[in-house]
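Visitor: Please show me the model, and let me ask how its labels are earned.

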Amino acid sequence: MIKLNPNFFKLKGSFLFAEVSRLVDNYKEKNPDKKVIKLGIGDVTEPLVPSVVWNMHIAVDEMGKKESFRGYPPYEGYDFLREKIANFDFISRGIDVSPNEIFVSSGAKEDVANIQELFSTDIKIGITDPVYPVYLDTNVIAGRTGEQIDGRYQNVYYLECNQANNFLPEIPKEPVDLIYLCFPNNPTGQVATKEYLEDWVAYAYENKSLIIYDAAYEAFIRDPDIPHSIFEIPGAKEVALEMRSLSKTAGFTGVRCSYTIIPKKLRIIDHNNIVCNIHDLWLRRQSTKFNGVSYITQKGAEQAFTKEGREQIDKVNDYYLENARIISETLTAIGIEHIGRKNSPYLWCQTPGSYLSWDFFNKLLNDIQLVVTPGVGFGLCGEGYIRISSFNSRENVLEAVSRLRQLKI
Ligand code: MLT
């Protein structure tokens, strides 16, 4: 008899952004004349830059000719892209990453969701609270988290982020095997210094842990002292892997392209004393379950790692950061405390008065037709917060802040 995976029933009813989307659709159905502005899910609004589009057009033409047509792409990505990524993102910054340590993929969400398959179900995972829900939910589905009691899974080590620790979680006082870190952080927008990451790398060495470092938002870092990669920390290549994405970096949320760096040095000694190379295991996994990213997409992505392409992309990202500044200015004016925005497209905002996250979400939707993300959807420590995304047109952001100024709290 067919049976379902019981772990699915340990999940919350729906994925956070799906739930927000459902509520917004309901609202729009009932209020068809109202203009809703979405600063909820971090989805880009500005078009692909000309340099990316130009290279994609060339690739489309190549695919239309017998002599330059290509079938399945390599599992790890085309060398032309892996070489550009290694040079542009790492070697030019003095970080030792070689092209053959890079796996091109269709999205950091997919990679961060799938990577846990490599590890035993009896390890302890450490995730921040609040957290990008994919880290947690995929471990729940895999059966690694145990039961949920009062909003907490029993076998998860929660790295709490709050005002008291400036939204930078403390290093655990006990061994945790697999740790998810994300900087600039989604959802809080907080960034990590080199010293802070050094402590994590030292912890991982001491406890034989592995760090999954999600750097999906590194392109928004403007402060020169903030590290873009965990591999800027000496020794990190032996204890960490890193995920990056073109979704927010280059407006690829609809195109789909990301990359994961798994150092060749990254080895795991498991309970049975088997020394295993994570790089090779991931290649085994990807070649079994994934058939690569299209040539056209990879040709477009290539331009993000050229001087010309990156200059165009930086302008778009500066535009979103200016949106964030405008939102921040308004929040300050109306007395809503917040962090983030300087090196991140997100603002993490305390709800005013005694509003809970979902109550304030509903108030913003009903009173001023503004969509944000309720902080508690990212974890218990997010209660009393909302996340505002700066991904939208300037026109909509100006309209949103003007509505915020009229909000009666
Ligand atoms: C977010 O809003 O947190 C992101 O857009 C979600 C994602 O990248 O999957």
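The exchange below takes up the ligand and then two sheets.

Guide: This is a predicted model, in which local features need pLDDT of at least 70 and side-chain atom pairs count only at pLDDT 80 or more, while totals for chains, interfaces and linings use all residues. Residues are numbered from 1 along each chain as its sequence is written, and side-chain values use heavy atoms, with hydrogens and water left out.

Visitor: Which residues surround the ligand?

Guide: A residue counts as near a molecule if one of its heavy atoms lies within 4 Å of it. The residues around the ligand are F17, I41, G42, K109, Y132, N186, Y217, K248, Y346 and R387.

Visitor: How do you know the class of the residues in the shell around the ligand?

Guide: Ala, Val, Leu, Ile, Met, Phe, Trp, Tyr, Cys and Pro count as nonpolar, Asp, Glu, Lys and Arg as charged, and the others, Gly among them, as polar. By that scheme the shell has 5 nonpolar, 2 polar and 3 charged residues.

Visitor: What makes the approach of R387 to the ligand a polar contact?

Guide: A polar contact is a pair of N or O atoms within 3.5 Å. A polar side-chain atom of R387 lies 2.7 Å from an oxygen atom of the ligand, which meets that limit. For K248, an N or O atom of the side chain is 3.0 Å from a ligand oxygen. For Y346 the distance from a polar side-chain atom to a ligand oxygen is 3.5 Å. On its own the ligand has 270 Å² of accessible area, and the protein covers 85% of it; such areas come from the Shrake-Rupley method with a 1.4 Å probe.

Visitor: Why is the ligand said to lie between domain 1 and domain 2?

Guide: Domain 1 (7-47 + 308-405) and domain 2 (52-306) both give residues to its shell, so the ligand lies between them. The bounds come from an automatic or database domain assignment.

Visitor: How do you know that strand 9 and strand 10 pair?

Guide: Strands are DSSP runs of E, at least two residues, numbered from the N terminus, and two of them pair if DSSP finds at least two bridges between them. Strand 9 (residues 240-245) and strand 10 (residues 258-261) have 4 bridges, in the antiparallel sense. M243 stands opposite T260 in strand 10.

Visitor: What makes strand 13 and strand 16 edge strands?

Guide: The open sheet of 4 strands has the order 13-14-17-16, with antiparallel pairing. Strand 13 (338-340) and strand 16 (373-374) each pair on one side only.

Definitions and conventions. A polar contact is a pair of N or O atoms within 3.5 Å; within protein, one must be able to donate a hydrogen and the other to accept it, and residues adjacent in sequence count only if both atoms are side-chain atoms.
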